[in-house]
Each structure stands twice: as structure tokens, then as C-alpha cells.
Amino acid sequence: MILLWTLVVWLQGLVVAETHLYEFNITTAADKEGKTFISINGRTDTLGPTLRVKSGDQVNLLVNNEICEQNYADALMQDYCSTSIHFHGLILGNDGLLGALHDGVPGVTQHSIPSHMSYWYNFSIPKNVCGTYWYHSHSSVQYGDGLRGLFLVECEERDKYINRVATRLEEVGTTSDAIAELPTSGQDLKIQEEVIAVSDWYSKSSIDILREVMAPNGDPDPRVEGSTTNGDTGSVAFVVDEETQYIVFRVVNMGMSGTNVLHIDGHRMCVIETDGILTKPYMVDTLAIAPGQRFSVLLKVESRDPIKIIHGCSKMMGYITKTHWILRSGQLRGNAFTGRIRDLPGFDVAERYLDYVPISGSLLPEPAQQISLDYDFADEIREPFETPMYVVNGNTMNEYFSEGLLILGDRGRRDPILLEAEQVVEIAINSIDHMRHPWHMHGHTFQVVSVGQKRDGPLHFNDADSPAMRRYKQDVANWGDRAPMTRDTINIPGHSYAVIRFVANNPGYWLLHCHVEWHMAKGLGVVFQEGDLEVSTLSIPEPFEKGKVKQEQEANTGPTQTSEPVSSGTVANTGHAESELSGYSSADGAIEEESTTATSKIRVLIVYICIMCIVNLCIWHYGLRESQRT
Ligand SMILES: *[C@@H]1O[C@H](CO)[C@@H](O)[C@H](O)[C@H]1NC(C)=O
Ligand SMILES: *[C@@H]1O[C@H](CO)[C@@H](O)[C@H](O)[C@H]1NC(C)=O
Ligand SMILES: [Cu+2]
């Protein structure tokens with residue numbers, strides 16, 4: 001019986017995994033005001049199609065780079081023409097390839113995709129990856145111009161968890177902050193999902209701003225002039241279904257610079273996810289989201305009237321303020337919010353690292369390696385960049401890069417910082433300058449062991465008695481064996497620090513950098529080398545010319561690719577990429593190949609028949625035993 005049961009579970013595993021074939025035609029276009037932007041599959045705003053998959057699925061994404069077509073080539077800087085895609089927060093690498101090879105950082109783990117060339121990003125989503133992610137270009141300043149979008153990973157565990165939290169909120173209400181004692185299973189509640197993707201906005205295109213930022217007297221903080229929500233520069237409305245009781249908002253800051261703030265009038269939000277990690281439910285009045293960060297919040301819809309969503313996008317002084325709406329079908333918007341963002345209840349842009357803790361796990365053991373990184377803006381011309389740059393321990397990030405690929409052993413003017421393989425590593429990221437910066441780590445989610453308050457100063461592990469060291473020690477003691485907030489992007493206040501901890505068990509080359517796009521261009525980041533890679537065994541995917549591949553494949557007889565193992569759920573490949581890609585149906589710009597779906601259906605049918613056979617066998621078997629007994 002156990003054998004049969006295992007078989008059924010195994011077969012179900014086969015059905016669930018699906019292959020998603022996507023194609024991005026990336027071009028440059030001009031909007032009504034003549035501003036240049038990057039369009040994916042003909043879209044008219046700076047938000048690409050949403051990719052929505054399940055844990056365990058296979059993603060095959062074909063990128064065709066036509067950014068510098070025709071008349072734009074001259075107007076744009078050459079390095080703006082090549083491209084790449086980074087899957088922000090996704091920790092990959094269970095498909096026999098190094099996860100690093102799918103990380104999408106040109107010069108580090110992949111070749112840039114030149115103009116008129118194509119590239120495949122093929123990877124499977126590990127079973128334990130589930131939550132809210134996004135993809136964006138890691139080349140030049142392309143993502144602010146539109147080469148970005150949501151990457152949502154669904155799983156049953158998450159859905160069930162949300163349902164359990166909602167069920168608990170039904171019992172205890174939303175007044176206390178921490179929500180404890182979740183039921184083991186949820187009630188039947190109507191929960192609707194919505195996405196809020198926010199960004200800062202500028203009247204010039206990013207490439208034009210970059211020219212100014214990189215000028216000899218360039219300001220690293222260009223003036224934020226507006227904000228966008230789900231690609232829209234205006235006010236957005238979320239229409240609630242008649243029977244909806246709860247809304248789960250997936251909130252993403254895809255911006256270039258500002259922290260964003262959300263408050264839902266007359267309501268509290270229950271935080272349940274930080275950057276792909278489910279958290280113990282925690283109620284807040286106002287949520288702060290740094291560039292690169294994601295949250296999921298659960299909202300009990302407590303009114304049938306229009307509900308204001310108050311949205312602040314920070315600029316140098318104050319906030320760009322917008323009012324969005326939660327409406328019932330047929331309702332009209334009311335009066336916009338006219339108050340100050342800073343006066344919102346519970347307003348605080350500091351990381352709530354003590355409150356947003358994961359549902360399970362514990363503090364990683366004492367680190368084997370500790371690194372302090374001091375970052376600052378060096379206000380003097382730095383060669384060969386001919387502009388002032390940011391430095392981390394004296395180096396700008398650009399100095400780690402070479403003409404070749406770090407992962408193939410090529411080196412720039414600085415060697416990557418070595419992480420001790422398989423060890424617990426702790427990094428203190430120290431802000432010497434006075435600004436708040438959001439830091440993003442590639443290849444890992446990390447535990448946020450400690451975050452300083454403004455003016456706590458830097459944390460140096462050999463300095464036993466600094467304000468930072470005292471807070472750090474207190475935090476470590478506080479955690480005991482509880483797991484600290486876990487995520488991949490963290491906002492660090494000025495003249496302060498954050499300490500992150502992770503296990504260096506993901507071989508590759510990884511960036512740790514500020515996610516302010518202008519600061520990254522000015523070198524604010526470092527490159528780590530993790531593990532010893534046997535370069536000779538790596539097979540690095542190459543950009544290719546689409547037309548050429550087609551001809552070569554037609555010349556070949558028989559399949560050019562062995563079909564993937566069935567357990568990963570991939571459809572047998574014919575090797576004819578071109579013919580596979582025809583017959584796309586377009587839903588929200590995200591393209592799924594129809595034959596994939598069809599094959600999945602056939603597989604579902606086969607599995608169904610198998611299960612029915614097993615059930616029949618069981619009935620027959622027990623029937624036999626029964627009749628023997630009588
Ligand atoms: C991308 O462009 C090619 C060539 O023009 C076209 O065949 C294909 O359908 C396009 N794909 C999408 C998703 O728009
Ligand atoms: C990626 O997947 C496509 C379509 O399944 C296939 O044609 C292509 O050869 C794969 N490329 C790589 C580099 O794995
Ligand atoms: Cu920064």
C-alpha cells in the first residue's frame with residue numbers, strides 16, 4: 001500500500017511541474033512625449049509582462065535583443081545596446097547546472113547579449129522556492145527604462161498559509177501586532193490576489209540621466225519627479241470581487257532610487273512574506289519598501305466603500321504622494337489624500353528586522369568568516385571613470401570586472417573577495433556616508449542579524465566597544481536560536497551598518513550591491529567568489545543569431561537535444577526551437593506555448609488513468625480478501 005501511495009505522489013509530482021516557454025522581443029520605442037524607453041513585446045509602459053510559475057516548474061525564456069535598432073543606435077551609448085536579465089532573489093541551481101550560470105550578470109556569469117543576438121535563459125525553479133520575485137536587466141541602466149517585470153512563484157504551501165492567517169484574523173481581529181496560534185488548517189474564505197509594483201519616475205530616460213550622473217561633476221542622486229504603480233504614472237484602482245473578504249497584495253519596489261511607503265486608509269496590513277520567505281504574521285499600519293524588496297501583505301477588507309491606498313515615493317526632500325483605490329465594481333474614486341506621508345500612523349522607513357521573522361528555522365551558528373565592508377562616496381575624480389565614484393573598502397565595483405568572464409577565471413584590476421566555501425559567513429555592511437542605501441545580495445537570502453540606527457556608526461569586528469558592536473551583541477543574544485528576518489535586500493541607514501549571515505553553499509561569483517541604479521553605475525558594490533569552480537567543466541551558454549541557429553538545425557537530421565529527465569516535467573524537445581516558438585498565444589504579454597499545455601493535459605490524463613487503475617486494483621484486492629474471509 002505504501003508503495004502504491006509513493007507511486008501516486010510521484011505521479012502527481014510529474015503533473016505539477018510544467019514547462020513555460022517565454023519569448024521577449026526587446027526593442028526601443030518613444031512615448032508620447034518623445035522619451036525613449038525599452039519595450040518588451042511591444043508594451044507601451046516601463047513594466048514588462050508578468051511571469052507566473054509554480055515551484056518545481058521549468059522556465060525557458062528566449063531573449064531577442066533589438067534595443068539598438070535603426071535610428072536609436074547612434075543616440076544611445078554602446079553599452080546600453082547589449083543586454084542581460086537577472087532574476088532578482090531567485091536562488092537557482094537544482095538542474096545540474098550551477099545556479100550562478102542563470103544569474104544574468106554580464107562580465108561575471110554570462111556574456112552580454114549583443115545587438116540583434118538572442119539568448120536562452122533555461123532553468124528550473126527549485127521546489128523550495130516560492131514567493132514574490134522580479135526580473136530585470138543587469139546591463140547599464142536599462143531596467144528603469146522598462147526592462148523589468150514581476151516573476152511570481154506559486155505553491156500550495158503559501159496558499160494554505162495565507163488561508164490559515166486569514167482564518168486567525170477572523171477570530172482575533174487586526175488590533176494586536178503579532179498574530180500567534182495559527183490554526184492547522186484554514187476556513188473557506190474568499191481571498192483575492194493583487195500586485196502593487198512601484199517605482200520612482202523621471203521625465204528623462206535613464207540613459208540620459210546616466211550621462212548626467214557620470215559627468216565629471218555628476219550628482220549621484222538625480223531628482224525624482226514622479227512615481228509609477230503597475231507601470232502607470234497616475235492613480236490605480238483595484239476592483240474587488242463581490243464576495244472577496246481578504247486581499248493579498250504582492251508588493252514590489254522595482255524603482256531606481258526611492259524607498260516607497262504604503263498605507264491603506266482605515267485598515268492594517270498583515271505582513272506574511274519578505275523577499276520570498278514566509279513570515280510570522282505581523283500587523284502594520286504603514287509599510288516601507290526599499291528598491292529591490294518585496295513583501296506580501298494580507299488585508300481584511302473591512303469596508304464596502306471606496307478605500308484609499310496612500311502611496312509615497314521618496315525624493316530628496318519629502319515624498320511624491322499618490323492615492324490609489326480599492327473599489328467595488330461600479331464605484332467611483334473619492335477625494336485624494338492631502339496629508340503628509342510622514343504623518344501617517346506607524347510611519348517608519350527603518351527595517352523592522354525584529355518583527356518580520358520567518359515562520360521556521362533558527363539563527364545560523366557562529367560564523368567561520370567575518371567581513372567588514374565600509375562604503376562611501378569618494379568626492380574626487382576617479383580614473384579611468386573621469387567622475388567621482390562610490391568605493392567599498394577603497395574599491396569601486398567596476399574594478400572587479402574584466403573584458404572576459406569572472407566565472408571563466410578572467411580577472412579585473414581587483415580580485416573578487418573570497419568567501420569560505422560551505423562555511424557560515426557574516427558580513428557587516430557599513431555606511432560611512434549619510435544616505436540610506438538598499439543593498440542586494442545575489443545568490444543568497446541572508447539572515448539580518450543586526451541593523452544599526454542612524455548614526456550608530458560602522459561595525460568592525462575587531463572593535464569590541466563601539467555603539468554598533470554593542471547593538472550587534474545584544475541582537476545576537478536576543479535571537480537565541482530564533483531565526484532573524486531573512487531576505488535578499490536590506491535598507492541600511494546613513495552612518496550606520498547592517499550585519500547579514502548566510503551559508504556559503506552556492507558556488508559562483510556573486511554581487512553584493514546597492515540597488516539604487518545610479519549608485520551601482522558609480523560602482524557601489526563588491527564581487528564575491530564562492531567555492532572553487534572547475535572552469536574546464538563549465539559550459540557557458542552563448543548568445544546566438546536566431547536566423548543562423550534555424551538554418552543549422554534544419555541542416556541537422558534528428559533531434560539535436562536529448563530530452564530532459566521526465567521528473568523535471570519538461571516536454572520532450574524536438575530541437576527545433578523556431579518551430580516550437582510559433583503558435584504562441586499571448587496573455588498579458590507572457591507567452592506560453594500551446595503544445596506545452598496540450599502535452600501537460602495528455603500527461604494529466606495518463607496519470608488520471610494510472611490512478612484509476614490503482615484504485616481499481618485496490619478495490620479488487622480488498623474485495624478478494626473480503627470474499628476470502630466470508
Ligand atoms: C518576436 O518576434 C518574432 C519575429 O518578429 C515573432 O515571430 C514572434 O512572434 C515575436 N514574439 C512575441 C512574443 O511577440
Ligand atoms: C533552452 O530551451 C530551448 C527550448 O526548449 C532549447 O531550444 C534550447 O536549446 C535551450 N538552450 C539552452 C542553452 O539550454
Ligand atoms: Cu545607494
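Here is a short tour of a sheet, a helix and a copper site in this predicted model.

**Stop one: the sheet.** Select strands 11, 19, 18, 13 and 16, and you'll have an open sheet of five strands, in that order, with mixed pairing. Strands of a sheet pair through backbone hydrogen bonds, either parallel or antiparallel. Now look at the edges: strand 11 (237-240) and strand 16 (286-289) each have a single partner strand, so one side of each has no neighbour in the sheet. From one strand to the next, the twist averages 20°.

Zoom in on strand 13 (residues 260-264) beside strand 16. The two run antiparallel and are joined by four bridges. Which residue of strand 16 does V261 face? Click on A288, which stands opposite V261.

**Stop two: helix 3.** Select residues 156-172 to light up its 17 residues. The first C-alpha to the last spans 25 Å, close to the expected 24 Å. Try colouring the buried residues of helix 3, including Y161, I162, V165 and L169. What covers them? Among the covering elements are strand 7 (131-136), strand 9 (191-201) and strand 12 (246-253). Just after helix 3 comes G173, with a positive phi near 75°.

**Stop three: the copper ion.** Pick ligand 3, then show the side chains of H437, C514 and H519. These are the protein donors of the copper ion, through ND1, SG and ND1, at 2.0 to 2.1 Å. Along the sequence their spacing reads H-x76-C-x4-H. H437 sits in strand 24 (residues 437-441) and H519 in helix 6 (residues 517-521), 82 residues apart, so this pair links distant parts of the chain.

Are these two histidines buried or exposed? H437 has 0% relative accessibility, so it counts as buried. H519 is at 1%, so it counts as buried too.

Key: Residues are numbered from 1 along each chain as its sequence is written. Chains are lettered from A and ligands numbered from 1 in the order in which they are written. This is a predicted model: local features need pLDDT of at least 70, side-chain atom pairs count only at pLDDT 80 or more; totals for chains, interfaces and linings use all residues. Side-chain values use heavy atoms; hydrogens and water are left out. Two strands pair if DSSP finds at least two bridges between them. Axes are lines fitted to C-alpha atoms, for helices over the stretch in contact, and angles run from 0 to 180 degrees between N-to-C directions. The expected span of a helix is 1.5 Å times one less than its number of residues. Buried means under 20% relative accessible area, exposed over 50%, partly exposed in between (1.4 Å probe, protein chains only). Contact means heavy atoms within 4.5 Å. Donors are N, O and S atoms within 2.8 Å of the metal (3.2 Å for Na, K and Ca); water is not among the atoms, so sites may look incomplete.
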